[in-house]
Amino acid sequence: MRAPKQNQKSAAAASPSLQRGIALLEYLAKHSHGCTLSELSEELSVPQASLLRIGKALEEMGYLSRDIASKKYYLTNRFLQLIPPSVQDRPLSECAIGPMRELRDLTGETTQLCCLIDTELVILEQLLSRHPFKYSAEIGARAPCYSCAPGKAIAAFLPENEREDLVNRIHFKRFTPHTITSKRAFLNELDLIRKRGYAVDHEEGLTGIRCVAAPILDHNGIAIAAFTITGPAERIPQDEYESLGNVVQSRATKVTIAFNQ
């Protein structure tokens, strides 16, 4: 029985970069405010040159992001694509599919389950509208979180420090006349979303397309995902934002309850 232990030690010794990479990820997972290269080097007792090489590789793969101004590294949410959120072996998608169908049938619009990875919104699941003209996107498609309702809904229900870090990493770009293009305007929007419980996309990412979204929360009240309905502007009029928001929020709440049982 001693030989396997020796083999394990040999394998570990042969993979210092892997060990250092895992140590780097584990440390950043406990420090959501981010860390500079020098801070990581001091805390992990690893040369900066080695950490820079490992950090660059993880950044290119999407597991880390690095702020240009502060030079801090941050852990992204890409791991959500590897292991879907689950509680007691019950995945989020299993909790969500029933309420998703209800939401699609009640509103008639394309319904999506989304999560946040770094500063981007990612589509996890989708049920298409039954209208001849419908909005659709590929599973895994991404969009900037500040220009779509589900991205805003999730960002609004992050812990304050994570919300601030997220906003500071966003490079705002205008897509339509309605796109939010400043940190202050985005933070004000997030405050409003927290108060009313749902978010809207008033043609902020695509002209002629609107969406209404609400967050799905963990047991601490932190957003882990969002439900959204998306469709043409004429079918999601501004004077129905509140009523649609309440419908989306009610179904997102059902998933929150099921997920945290």
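Trainee: Which residues lie nearest the centre of the second largest pocket?

Mentor: In this predicted model, the lining of the second largest pocket comprises 19 residues, and those nearest its centre are Y135, A143, C148, D201 and L206.

Trainee: And which elements give two or more residues to that lining?

Mentor: Those elements are β6, β7 (142–144) and β9, and among the contributors it is β7 that gives the most, with three residues.

Trainee: What about the volume of the second largest pocket, and what is its lining like by class?

Mentor: The volume of the second largest pocket is about 310 Å³, and its lining divides by class into 13 nonpolar, four polar and two charged residues.

Trainee: Switching to the interior, which residues touch the most other members of the largest nonpolar core?

Mentor: That core has 29 residues, and I154, L166, F186 and L190 are the ones that touch the most other members. At least two core residues come from each of β5 (110–117), β6 (120–127), α7 (149–156), α8 (160–169), α9 (183–196), β9 (209–217) and β10 (223–232), while the largest share, five residues, is supplied by α7.

Trainee: What is I154 in contact with, leaving aside its neighbours within four places in sequence?

Mentor: With those neighbours set aside, I154 is in contact with C114, C115, L116 and L121, and also with A223, A225 and A226. Apart from the core that holds I154, there is another core, of 24 residues, which includes C95, V200, V212 and A258.

Trainee: Back to α8, then: which of its residues are buried, and what do they pack against?

Mentor: The buried residues of α8 are R163, D165, L166, V167 and R169, and they pack against β1 (64–66), β2 (73–75), β5, α7 and α9.

Trainee: OK, one more residue: where does T111 lie, and is it buried or exposed?

Mentor: T111 lies in strand β5, and T111 counts as buried because its relative accessible area is 0%, whereas the cut-off for buried is under 20%.

Trainee: Which backbone oxygen lies 3.2 Å from a polar atom of the T111 side chain?

Mentor: It is the backbone oxygen of E109 that lies 3.2 Å from a polar atom of the side chain of T111.

Trainee: And what else is T111 in contact with, beyond its neighbours within four places in sequence?

Mentor: Leaving those neighbours aside, T111 is in contact with M100, L103 and R104, with E125, Q126 and L127, and with T228 and I229.

Technical notes. Residues numbered from 1 in each chain as written. Predicted model: local features only at pLDDT ≥ 70, side-chain atom pairs only at ≥ 80, totals over all residues. Heavy atoms only, no water. Core = buried A, V, L, I, M, F, W, Y, C linked by side-chain atoms within 4.5 Å. Buried < 20%, exposed > 50% of the residue type's maximum accessible area, 1.4 Å probe, protein only. Helix = DSSP H or I, 4+ residues; strand = E, 2+ residues; numbered from the N terminus. Contact = heavy atoms within 4.5 Å. 1 Å grid on protein atoms, 1.4 Å probe; cavity = no way out; pocket = protein on both sides within 12 Å on 5 of 7 lines; lining within 4 Å. Points joined across faces, edges and corners; volume = space filled by probe spheres on them. Nonpolar A, V, L, I, M, F, W, Y, C, P; charged D, E, K, R; others polar. Polar contact = N/O pair within 3.5 Å; in protein donor to acceptor, adjacent residues only side chain to side chain.
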